[in-house]
Amino acid sequence: MEKVVLITGAASGLGRALAGKFLSEGYLVIATDLDTEGLRSLPGNGEVLRIAMDVTSEESVKQAFREVKERGLAIDVIINNAGIDKYFPLSEAPLSEFKKIFEVNLFGGYCVNQVFLPIVRSPGGRIIHISSESLNLTIPFMTYPLTKKALEGYAKVIRQELRFHGIDVVLVRPGAIQTRLLETVKSLQSAVGSQRSEIGKWKLEKQLWKFAEGAAKEIGKTLSPEEVAGFVFRVSEIKNPSAVYRINNMLQLKIAAFLPFSLTEWVIRRRLTK
């Protein structure tokens, strides 16, 4: 029986690499994304079902579900990979900016899981959430780690609930991956500069510039999307999987997770006031 995987954010980066990996392993790939041009350029013909889907729109997710259900498909694996990032002062930016990151990184996965659950193979199905090693970072201007920390809490709750249906829920917590998200960090000064008219209104403009100057220096070792996709595929095949799997996590961030917040606060204040 042909296995089926649904991947969100499949048009580029890790999502694209995941589509290629699962395709090479004989899966029928349901590749979803807002980027229809990127979806069209994915390799594969009949083995790839390309669906334009906005994870922040419940109606869009339901429409994608109807399209999959009409084909009589049962899903073996869902990979909630879609994610976005942006840097701004949380004390000053509009609520809409803050909500936008959560809509994709947290509520998007919630919506996809709930809508597609009726056709996830039960027992035997698996839901994988792509998290981040940055989840324990509580430093200025970063919303992304907050969304991943919330995502991990949510995933661990539904892991316990869905075990009653024989469905496993797993988190994969990668370090830096060579994707557009990473390029944003590497060129954060340019990205911040492109928002000059916006950030000129912020009282913390100077500190944001300082943060942008140092961001690229903190990246550490990076992996290709293909390397991480191979790891995620192996995780999808493990019997009785653990709740969390890690790849390429930085020792510094592991240590930082156990440091008193007062120390983190002191270090950040020094760096941003030099």
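Helices and strands here are DSSP runs, numbered from the N terminus. With that in hand, the loop between H4 and strand E5 (126-130) is where proline 123 sits. The model is a predicted one, and this loop holds one of its backbone oddities: serine 122 and proline 123 are joined by a cis peptide bond, with omega at about 5°. As background, most peptide bonds are trans, and most residues other than glycine have a negative phi.

The phi part of that rule is broken too. Phenylalanine 141 is not a glycine, yet its phi is positive, near 75°. Its place is the loop between E5 and H5. Is phenylalanine 141 buried or exposed? Its relative accessibility is 3%, so it counts as buried. Asparagine 248 is another non-glycine residue with a positive phi, this time about 60°. The loop that carries asparagine 248 runs between strand E7 (244-247) and helix H11 (251-256). Asparagine 248 has a relative accessible area of 18%, and because the cut-off for buried is under 20%, it falls in the buried class as well.

Next comes helix packing. A packed pair of helices is described by the angle between the axes and the distance between them. For helix H3 (residues 58-70) against helix H4 (residues 95-116), the angle is about 35° and the axes are 10 Å apart. The crossing of H3 past H4 is right-handed. On the H3 side, the contact is made by Glu58, Val61, Lys62, Ala64, Phe65 and Val68, while H4 brings in Cys111, Val112, Val115 and Phe116. Sorted by class, the residues of this contact come out as 8 nonpolar and 2 charged, with no polar ones.

Two of those H3 residues turn up again around isoleucine 51, which belongs to strand E3 (residues 48-52). Leaving out residues up to four places away in sequence, isoleucine 51 touches Ala64 and Val68, along with Ile30, Ala31, Thr32, Asp33, Leu39 and Glu67. Isoleucine 51 counts as buried because its relative accessibility is 3%. Alanine 229 is 178 residues away from isoleucine 51 along the chain, and the C-alpha atoms of the two are separated by 20 Å.

What about empty space? Rolling a probe the size of a water molecule over the atoms shows where it is left. The structure holds 1 cavity of 30 Å³ or more. The volume of the largest cavity is about 70 Å³. Its lining is made of 13 residues, and those closest to the cavity centre are Asn80, Asn81, Ala82, Val104 and Gly109. Which helix gives the most to this lining? That would be H4, with 5 residues. Both H4 and helix H5 (144-162) supply at least two residues each to the lining of the largest cavity. By class, this lining splits into 6 nonpolar, 6 polar and 1 charged residues.

As for pockets, the second largest has about 210 Å³ of space. Phe141, the residue with the positive phi, is back here as part of the lining, next to Thr138, Ile139 and Pro140 in the list. The rest of the lining of this second largest pocket consists of Leu204, Gln207, Phe261, Glu265, Ile268, Arg269, Leu272 and Thr273. Helix H12 (residues 261-272) gives the most to it, with 5 residues. Overall, the lining of the second largest pocket divides into 7 nonpolar, 3 polar and 2 charged residues.

Terms used: Residues are numbered from 1 along each chain as its sequence is written. This is a predicted model: local features need pLDDT of at least 70, side-chain atom pairs count only at pLDDT 80 or more; totals for chains, interfaces and linings use all residues. Side-chain values use heavy atoms; hydrogens and water are left out. Axes are lines fitted to C-alpha atoms, for helices over the stretch in contact, and angles run from 0 to 180 degrees between N-to-C directions. Helices (H or I, at least four residues) and strands (E, at least two) are DSSP runs, numbered from the N terminus. A crossing is left-handed if the near helix is turned anticlockwise from the far one by less than a right angle, and right-handed if clockwise. Contact means heavy atoms within 4.5 Å. Ala, Val, Leu, Ile, Met, Phe, Trp, Tyr, Cys and Pro count as nonpolar, Asp, Glu, Lys and Arg as charged, and the others, Gly among them, as polar. On a 1 Å grid over the protein atoms alone, a cavity is a set of points where a 1.4 Å probe fits but cannot get out, and a pocket is an open set with protein on both sides within 12 Å along at least five of seven lines; lining residues have an atom within 4 Å of a point. Grid points are joined across faces, edges and corners, and a volume is the space filled by probe spheres set on the points. Buried means under 20% relative accessible area, exposed over 50%, partly exposed in between (1.4 Å probe, protein chains only).
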